[in-house]
Amino acid sequence: MRPCVIKQAAGIGDVFFCQKIGRMMLEKGYDVIWPLRPDIHWIGEYIKDIQFPMTTQSFPMKDIYFRASGAVIEENGAFISLATADMTHNDGKIMSSKYSMLGIDFSDWKDYFQFERNLEKENDLYYNVLGLKDDSEFVFINNLYNTDIKDCEILSPKNYDLPAVELKIIDGFTLFDWCKVLEKAKSVFTINTSINYLIDVLDTSYEKYVIIAHDEKNKSEIDYLFTTPHEMICK
């Protein structure tokens, strides 16, 4: 076993964005081990070629995991701390620093963000839970952000001409299970969060796609990451 332990236990968007790094290490013959916070351990149900133990479980190099930073890549093993890249190898942007620390181009990150969709759960959520139909016309809105699930309370369903479907935490479903909803929506209005990375790899054609950044600094940190046509504004 040639373990490559990646330190990025959260947030969800960071994990999505950095899948290229994990896959490149797989291609080099390493066993990629990516510990996650227990509350987002469900990512491993959809991305199955990378090992996603919980941070509370045992895994290689756990004795140094919580205190180590930087990146060490050797023949017999590797440790890559993406979570601290902007502190040890800052290139001016938090997200791109995760890649520049390793000398890797981030621009095609979404080509490596590969996951297995659970169409049965997507359909269950779309038709049975949300009560939508194939010909339903709706906008999708989202106020939730951060792995700790914060609510910005900016977007209200009453502000749109079409019915609004709002992202909610629903027991038994994960963010991946909203893919069908995201693909069928006429427009999307969302606070900046992990859902933007998901949208970037889905087959969508929105009349309007608005991302709300927390402030100008946050806007400059993320706007360069997404290729799906969008408008980014500050709240």
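**Reading the core, the cysteines and helix 2**

User: In this predicted model, which residues does W34 touch, leaving aside those up to four places away in sequence?

Analyst: With those sequence neighbours set aside, W34 touches I6, Q8, V15, C18, Q19, G22, I50, Q51, F52, P53 and L82. W34 also belongs to the largest nonpolar core, which has 61 residues, and it is listed with I43, F115, F140 and L198 as touching the most other members. Apart from that core lies another, of 10 residues, including I141, Y145, F189 and V210.

User: How many disulfides are there, and where does C4 stand with respect to the nearest cysteine sulfur?

Analyst: In general, a disulfide is a covalent bond between the sulfur atoms of two cysteines. Here the count comes to zero, because a pair must have its sulfur atoms within 2.5 Å, whereas the nearest cysteine sulfur to C4, that of C18, is 12 Å away. C18 is likewise in no disulfide.

User: Is C4 buried or exposed, and what is the relative accessible area of C18?

Analyst: C4 counts as buried because its relative accessibility is 0%, and C18, with a relative accessible area of 0%, is buried as well.

User: Which residues of helix 2 are buried, and what do they pack against?

Analyst: An α-helix has 3.6 residues a turn, so residues three or four places apart point the same way. In helix 2, residues 19–27, the buried residues are Q19, K20, I21, G22, R23 and M25. These buried residues pack against strand 1 (3–7), helix 1 (12–17), strand 2 (31–33), strand 3 (71–74), strand 4 (77–81) and helix 5 (94–100). Just after helix 2, G29 takes a positive phi of about 95 degrees.

Technical notes
Residues are numbered from 1 along each chain as its sequence is written. This is a predicted model: local features need pLDDT of at least 70, side-chain atom pairs count only at pLDDT 80 or more; totals for chains, interfaces and linings use all residues. Side-chain values use heavy atoms; hydrogens and water are left out. A nonpolar core is a set of buried Ala, Val, Leu, Ile, Met, Phe, Trp, Tyr and Cys residues joined through side-chain atoms within 4.5 Å. Buried means under 20% relative accessible area, exposed over 50%, partly exposed in between (1.4 Å probe, protein chains only). Contact means heavy atoms within 4.5 Å. Helices (H or I, at least four residues) and strands (E, at least two) are DSSP runs, numbered from the N terminus.
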